[in-house]
Every structure is written in structure tokens, then in C-alpha cells.
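Please open the model in a viewer and keep the selection panel at hand. The tour below proceeds from aromatic rings to cysteines.

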Amino acid sequence: DSEASISSDDLSSYDTSLLLSSSLHPEIDVNGTTTLKWRYSVICVHSNQFYNLRRKCCPSELAYVASLSRCKRWDAQGGKSKAFFARTIDGRLIIKQIKKTEFDSFIKFAPDYFRHVNHSLDTGSQTCLAKILGIYQ
């Protein structure tokens, strides 16, 4: 099997770097211990707020990353945006590519989104909003 596996040791530095970051949207170098042909990085939008939300919704950060690491294209029905969708192999998460206008809108209403979803989770009240667990560039 040629796919790289993720161990908790590989992720421990990422958890710490995100939590200690004073930046609202930190940029993380993603090179780890694997040999990569190119350098790349990921910008974690509202990293601390999403991390806190995932702590309420996911069994662990490792489970979240492990789910994201294995996904396949998903032909979502009914959408008009023609956006790329994928679903994790374990069926836990859906990944959606968003347009710049959607990204800009989220950045504007993010504080209200986090306030609403956290209130809903804390009080057990229902919401029709999807639980967005991370936005990455």
C-alpha cells in the first residue's frame, strides 16, 4: 500500500502550533517526515474557533484528520454551484470546494456562526445550519 499513514506523533506538533498561534488564520508548513517533491502550506482559517468546535463534535483531532486523509469524489445532487464535493471513506465528513464569494461571506459572518453553533451545541437546541469544522486554503 503506497498511501502514507498518519500517526499521533506526526500530528502532535500541528496541534500545539495551532493552539499557540496568535494569528487568526495561521499558515502551517505541511512537510512532516514524508518525502515531498514540492513544499506546500495550508492556511487554517479561524483555526482556534474551528479547533474548539471540533472538540465538541469529533472524537479527537486525530480522528478528524484521519477521516479527511481518506476521501473520494462525491456526486452531490441538487446543488447549483457546480462545486467539487468529496466524502470521507468513513462517511463522517463532506468536503466542499467554495468560491471566493462564499469564502468572503463566511469571513464576514464567522463570529455570528461560531456563536450560534456553539450555543446550539452547548444547550442542545436544534439548528438547520451545517456544522462547518474547518476552512483551509
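How many aromatic pairs does a search of the whole structure find? The search finds seven; rings of Phe, Tyr and Trp (its six-membered ring) pair if their centres lie within 6.5 Å, and planes under 30 degrees apart count as stacked, over 60 as edge-to-face and the rest as tilted.

Select Phe-106 and Phe-114 next: their rings form an edge-to-face pair, 6.1 Å centre to centre with 85° between the planes. Phe-106 counts as buried because its relative accessibility is 4%; buried means under 20% relative accessible area, exposed over 50%, and partly exposed in between (1.4 Å probe, protein chains only). Phe-114, at 6% relative accessibility, is buried as well.

Keep Phe-114 and add Tyr-113. These two rings are also an edge-to-face pair, with 5.6 Å between centres and 75° between the planes. Tyr-113, like Phe-114, is buried. Extend the selection to Phe-50 and Phe-109: together with Phe-106, Tyr-113 and Phe-114 they form one aromatic cluster.

This is a predicted model, in which local features need pLDDT of at least 70 and side-chain atom pairs count only at pLDDT 80 or more, while totals for chains, interfaces and linings use all residues. Residues are numbered from 1 along each chain as its sequence is written, and side-chain values use heavy atoms, with hydrogens and water left out.

Finally, turn to the cysteines. With a disulfide defined as a pair of cysteine sulfur atoms within 2.5 Å, the count comes to zero. Select Cys-71, which is partly exposed at 38% relative accessibility, and then Cys-128, which is exposed at 87%.
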